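Hi everyone, thanks for coming. Let's have a look at some aromatic rings today.

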Amino acid sequence: MLTALTELTDGSPARAVQAALEEHLAGADRAWLHEALAEAQAAADAETAAEAGAAGRSLWTLPTWELRFAEAGRHCRPARGGPSGPSAQDLADAARVLLLHTVRAGHDTTSRLYTHGSAAERRAVLLALPHLSAHTPPASALALVEDALRTNDTRLVAAAVGPYAAEHLDQHAWRHAVLKCLFTGVPVDAVDGLAPRARGDAELARMLRDYAAERTAAGRPVPDDLHRVLALTADRDTADRPHVTAAPSEES
Amino acid sequence: MRIFDPHIHMTSRTTDDYEAMYAAGVRAVVEPSFWLGQPRTSPASFFDYFDALLGWEPFRASQYGIAHHCTLALNPKEANDPRCTPVLDALPRYLVKDSVVAVGEIGYDSMTPAEDTALAAQLQLAADHGLPALVHTPHRDKLAGLHRTVDVIRESDLPPERVLLDHLNETTVKAATDSGCWLGFSIYPDTKMDEDRMVAVIKDHGIEKVLVNSAADWGKSDPLKTRRVGDALLAAGFTEDDVDQVLWRNPVAFYGLSGRLRLDVTDCPEPLHEGNSILRGGE
């Protein structure tokens, strides 16, 4: 689900993301990207793009760079087919994250783009959040992450559990995010900072064991990822791997 | 038989329908925005609906191997409601989205001045956004409505070859053909067209620019009617290539005018498995 290119967008400098993205685009699409990023840069330089320009402008007036943000999916298509390369979704994600980074999107801009965005655009906003911390008050985009975690769209759930969630979700919400991944089939590899945050979390371990018991009672398989996370909840000092049984655990 | 249903309201349908549609050969759908079955009371209600057509519904469809696109608009019925018409101001923000392949469904319901205004404004939006338009013909006073629709199209900046006139029948097909627009037929269990009448129309008028849809929604309707028409055409002696043109190539050609049609579902989040979010969502 999360390929190398998308992981790149989670942590690499914009220049590296752009280079990786361009490698996979055909000439016309690369030209589109250059123009779109130049428009975003111009908007950021003029301070008309995000917060300053938004004041007094109709919500429905679309600055050019926001139009590029919306249409990225039809301009960033893999130049070469084949199962090994990045998917169209990966490329559109990367292009949109680059645009948000370039325009230095702040709180109002990310909220607007998320609220009126397609699922693909919402996903890109979520993926971009770690890149935008310099332009947004701490944890101010948490509502977007929480919105995405309420959906059942696995593309959004996977994008919501990145570094921003790792940093800002409280422990209760974070545990439910992990459980939701197991529930909806999002690989827990998508959960940023899983191991350090799960370590020693007895409540998460209880929730996992209860879920395993519920699955087993229904005659359904327990996802492998559940065992993985349960193992991570073991305290650093605990030698034994936690044990899943069909019977309800002590805490349940 | 590969099938593209160019007009179906999947938001109103179940995952069983998606499964049966895939089994019948449906690999692509276009979902036009329309009435909810009860009046909306604000533009915000449209936004939630557009969100579904741009997010959740394509996600559901992809899990069943079906490519999903949509058309967005203020529908004719609600064009008469001042609580709803402000959504026209918001449409430009939504019409630029990747999976929007037309403005629609627009047209007439009761043929009021408010409907005149909304139809003309939305034809202009289509022209401005490089999109074709899906224009339904009214259920009541259909032939007069078709003539009035064609007049408005002629006065617009959108050429007729970028317009699909829908819900046609025996009484409107000639005037619709003469207009130069694409021709859409909705096949219903009791109302609109049925598969045998559809075969007769095609025998008379040929398959050029003809699209067949189920227009299935929350009313009595059948998402497999496209397949029934394909079977009826074959039984009547049409070739598989004829059927492919009507049920696949014509809708691909029409919505392809948007430049946004993507018929691969390779971005399908994950293959179906027991843990998928649709199966589990309600638990």
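I'll start with how to read the model, then go through the ring pairs and finish with chain A.

This is a predicted model, where local features need pLDDT of at least 70, side-chain atom pairs count only at pLDDT 80 or more, and totals for chains, interfaces and linings use all residues. Residues are numbered from 1 along each chain as its sequence is written, chains are lettered from A and ligands numbered from 1 in the order in which they are written, and side-chain values use heavy atoms, leaving out hydrogens and water.

So, how many aromatic pairs are there over all chains? There are 14. A pair means rings of Phe, Tyr or Trp (its six-membered ring) with centres within 6.5 Å; planes under 30 degrees apart are stacked, over 60 edge-to-face, and the rest tilted.

Take B:W35 and B:W218: they're edge-to-face, 6.1 Å centre to centre with 70° between the planes. These two sit 183 residues apart in chain B. B:W35 also has company, as B:K77 lies over its face, 4.1 Å from the ring centre. That counts when NZ of Lys or CZ of Arg is within 6 Å of the centre and within 35 degrees of the ring normal.

Next, B:F254 and B:Y255 are both buried, meaning under 20% relative accessible area (exposed is over 50%, partly exposed in between, with a 1.4 Å probe and protein chains only). They belong to one aromatic cluster with B:F4, B:W182 and B:W248.

Over in chain A, A:R122 lies over the face of A:Y114, 5.1 Å from the ring centre. Buried residues make up 52% of that chain's 252 residues.

Terms used
Helix = DSSP H or I, 4+ residues; strand = E, 2+ residues; numbered from the N terminus.
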